[in-house]
Amino acid sequence: MTACHDDGGGAVAVAGMARIALVGSPNAGKTSIFNHLTGLRAKIANYPGVTVGLSVGVAKAGDVEVAVQDLPGTYSLDPISPDEQVVADLLAGEIGDAGGPDAIVLVADATTLHRSILLVAQVLRLDLPCLLALSMTDELTARGGGIDVDALSTALGIPVVAVVANRGVGIDTMRGELASFDRWQRPPILPPSDNDAVGAWGRSVLDAAGYVAPQPDRRTRGIDAVVLHPLWGTAIFFTVMFCFFQVVFTVAAPLQEWVGRGLGWLGGAVSDHVGNYVVRGLLGQGLIGGVGTVLQFIPQIVLLFLLIALLENVGYMSRAAFLMDRVMAATGLEGRAFVAMLSSFACAIPGIMATRTLPSSRDRIATIITAPLMTCSARLPVFTLLVGLLVSPQTRWGGLSAQGVAMFALYLGGGTSALIAASVFKSTILRSDLLPFTMELPPYRFPSPKSVLITMWDSAKVFLRKAGTIILGTSLVLWVLLNLPARAAETAHMSTTDATAFVMDHSYAADVGKAIGPVFAPLGFDWHINVALLGSFSAREVFVSTLGQVSAATSPDDPHEALVSMADDEGRRVFTAPTVIALMVYFVFALQCMSTVAVMRRETNSWRWPAFAWCYMFVLAWAMAFAARSIAVGLGA
């Protein structure tokens, strides 16, 4: 299958193919249908706002191929947010040179069909070939509801197909219909344009189709009575997050240790059996010590994405957004902004893109410039490394993993700082009225293991792809800078370990790290840390790979011990407790990701806000790290 994506909302087409747009309200099942039709893996989840860009794939329909466009969710064609504007403009043919779509597949949730009537009427008034995909019909029946699909087709004057998107039921029927979209039945009379009249028209359509609304989901209602309670719901939210990190550490730790031992053995084998100095250093330090050190944290990364996928697909994430709307209101933002911030736990980039669902431009900017404070998965290897240097894996507090408690505190600090920063900006430079927030809460669903595993694996692949490209490339560049200029004459009489340390101490990288030393010296950072910080601008994980190179160079058999005992030019231990604490705090606040900066530039259409965000976060990171180190020193840590 062929696919292309346009997260900027521009027109994307596959040359020579008919274009069919998937339109529907958030969480109606559009993306599940898109994935089944095209064989692609666009992200799906059981909460609104997941699709914020435009995805295009190719679906085979009989003997022909058609381009299928998955549009963001919208409740009507009267847009109130940037993502809804994309839908309206694309359907009107006002984006790009390709014009509007050739046909529309309108996806509507059978359990809430009465709420989709306005969108149905608006789409039909476009007078394009249209097919209604009625999703979640199994849930409609299970909850005591019902509808006559053929009668609904007659009442609307368009073909209607019942589908169960998550299981692929009805997809083959829809695929067959796509082959003859130009011969689809059209309504003899278009729906009225007046919204009040649309309500009278919609009731007649539903009556003609024998629509019986489903009974409320008792299971969902019972769970929500507790989960959405102002007190107990909040306590449950923080308990879930706390257990989240306990699981990440306790379950993944044995796997991480196994991977670490394997890397240590591999590094030792390279040191013992590769004779060429350059090749040995490139493999042992640059590849194994650099990229390999980052890959050591794959168990935590995969487990993190697995837990996030479970929370998303069960339906808890939308509850978290609804629950936190009360907190967000205090900051001047709304619950949709928290959806964007929750997305930033995986990566700030999709979180920033998710702000397209916000109708207020000031709210969008406030969320964009604070979302990077949420602790993304790229920080996980950094925090895991630093927490491991500060807290022993055997240390337990009240029977709980001390490392897990420390990680939870770091994530909590990032989330709290994002909310505080948003409150400051919304009350000063981005002041605006608080808009009402409405969100449709989907029923709780047991996700299929396949969908959860696919979501987890797709997210993990992004990490692995980064490790094989950005992190690998940056690590190799840093290895060159750490090993040049060559000093064969000066190191001829030294042991291999001493020679390697001497070369690094007098390398180009050391010169750069020492040049910026005055900036970070008050935080206790030496040139090794400074170089790692500079490298981490390409990707935060490069901080880990850089230190991995340095430690692997001095002790390939036990890089962790080499890191613990690393000394500066004056013989003082580098990673003291105050320094490690300062580093952790620095990474909580600093915007160490140029990819995020680039996306901020694209979403705000200006360098002003990305530059502002980088500067205020650097100042905040430096000041908080200095304060944390000073407190730690004062307490005798």
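## Backbone exceptions, burial and helix packing

Asn605 is exposed, with a relative accessible area of 61%. In this predicted model, Asn605 sits in the loop between α27 (594–604) and α28 (608–634), and its phi is near 60 degrees, a positive value in a residue other than glycine. A positive phi near 60 degrees is also found at Asp127, whose place is in the loop between α3 (117–124) and β6 (130–135). Asp127 has a relative accessibility of 43% and therefore counts as partly exposed, since the exposed class begins only over 50%. As background for these backbone values, most residues other than glycine have a negative phi, and most peptide bonds are trans.

The peptide bond between Leu484 and Pro485 departs from that background: the bond is cis, with omega at about 0 degrees. Pro485 belongs to the loop that runs between α18 (449–483) and α19 (488–491).

Attention now turns to helix α1 (residues 30–38). Eight of its nine residues are buried, so the helix is largely enclosed by the rest of the structure. The buried set consists of Lys30, Thr31, Ser32, Ile33, Phe34, Asn35, Leu37 and Thr38. What surrounds them is a mixture of strands and a helix: the buried residues of α1 pack against β2 (18–24), β3 (54–61), β4 (64–70), β5 (103–109), β6 and α6 (171–178). Just after α1, Gly39 takes a positive phi of about 80 degrees. On the other side of the helix in sequence, Ser25 lies in the loop between β2 and α1. Ser25 has a relative accessibility of 8% and so counts as buried, the cut-off being under 20%. Setting aside residues up to four places away in sequence, Ser25 touches Lys30, Gly73, Thr74, Tyr75, Val107, Ser116 and Leu119. One of these partners, Lys30, is also among the buried residues of α1.

Helix α9 (residues 232–273) takes part in two of the helix pairs examined here. With helix α17 (residues 402–427), the axes come within 8 Å and cross at roughly 130 degrees. That angle makes α9 oblique to α17, and the crossing is right-handed. On the α9 side the contact is made by Phe238, Met241, Phe242, Phe245, Gln246 and Phe249, and on the α17 side by Gln403, Gly404, Val405, Met407, Phe408, Tyr411 and Leu412. By residue class, this contact holds 10 nonpolar residues, three polar ones and no charged ones.

The second partner of α9 is helix α11 (residues 298–314), and here the axes come within 8 Å and cross at roughly 150 degrees. This crossing, too, is right-handed. Val240, Met241, Phe244, Val247, Val248, Val251, Ala252, Leu255, Gln256 and Val259 of α9 meet Pro299, Gln300, Leu303, Leu304, Leu307, Ile308 and Leu311 of α11. The contact comprises 15 nonpolar residues, two polar and no charged. Met241 appears in both contacts of α9. When reading such lists, it helps to recall that an α-helix has 3.6 residues a turn, so residues three or four places apart point the same way.

A further pair is formed by helix α21 (residues 508–515) and helix α23 (residues 527–535), whose axes come within 8 Å and cross at roughly 95 degrees. The two helices are therefore roughly perpendicular to each other. Ala509, Ala510, Val512, Gly513 and Lys514 of α21 make the contact with Trp527, Asn530, Val531 and Leu534 of α23. This contact divides into six nonpolar residues, two polar and one charged.

Met584 offers a single-residue view of the packing in helix α26 (residues 577–589). With a relative accessibility of 7%, Met584 counts as buried. Beyond its neighbours within four places in sequence, Met584 is in contact with Phe383, Leu386, Val387, Leu390 and Leu410. Met584 and Ala625 are 41 residues apart in sequence, yet 7.9 Å separates their C-alpha atoms in space.

Finally, the cysteines were considered. How many disulfides does a search of the whole structure find? The count is zero. Two cysteines illustrate contrasting surroundings: Cys130 is buried at 1% relative accessibility, whereas Cys243 is partly exposed at 39%.

Key
Residues are numbered from 1 along each chain as its sequence is written. This is a predicted model: local features need pLDDT of at least 70, side-chain atom pairs count only at pLDDT 80 or more; totals for chains, interfaces and linings use all residues. Side-chain values use heavy atoms; hydrogens and water are left out. Axes are lines fitted to C-alpha atoms, for helices over the stretch in contact, and angles run from 0 to 180 degrees between N-to-C directions. Helices (H or I, at least four residues) and strands (E, at least two) are DSSP runs, numbered from the N terminus. Angles under 35 degrees count as roughly parallel, over 145 as roughly antiparallel, 65 to 115 as roughly perpendicular and the rest as oblique. A crossing is left-handed if the near helix is turned anticlockwise from the far one by less than a right angle, and right-handed if clockwise. Contact means heavy atoms within 4.5 Å. Ala, Val, Leu, Ile, Met, Phe, Trp, Tyr, Cys and Pro count as nonpolar, Asp, Glu, Lys and Arg as charged, and the others, Gly among them, as polar. A disulfide is a pair of cysteine sulfur atoms within 2.5 Å. Buried means under 20% relative accessible area, exposed over 50%, partly exposed in between (1.4 Å probe, protein chains only).
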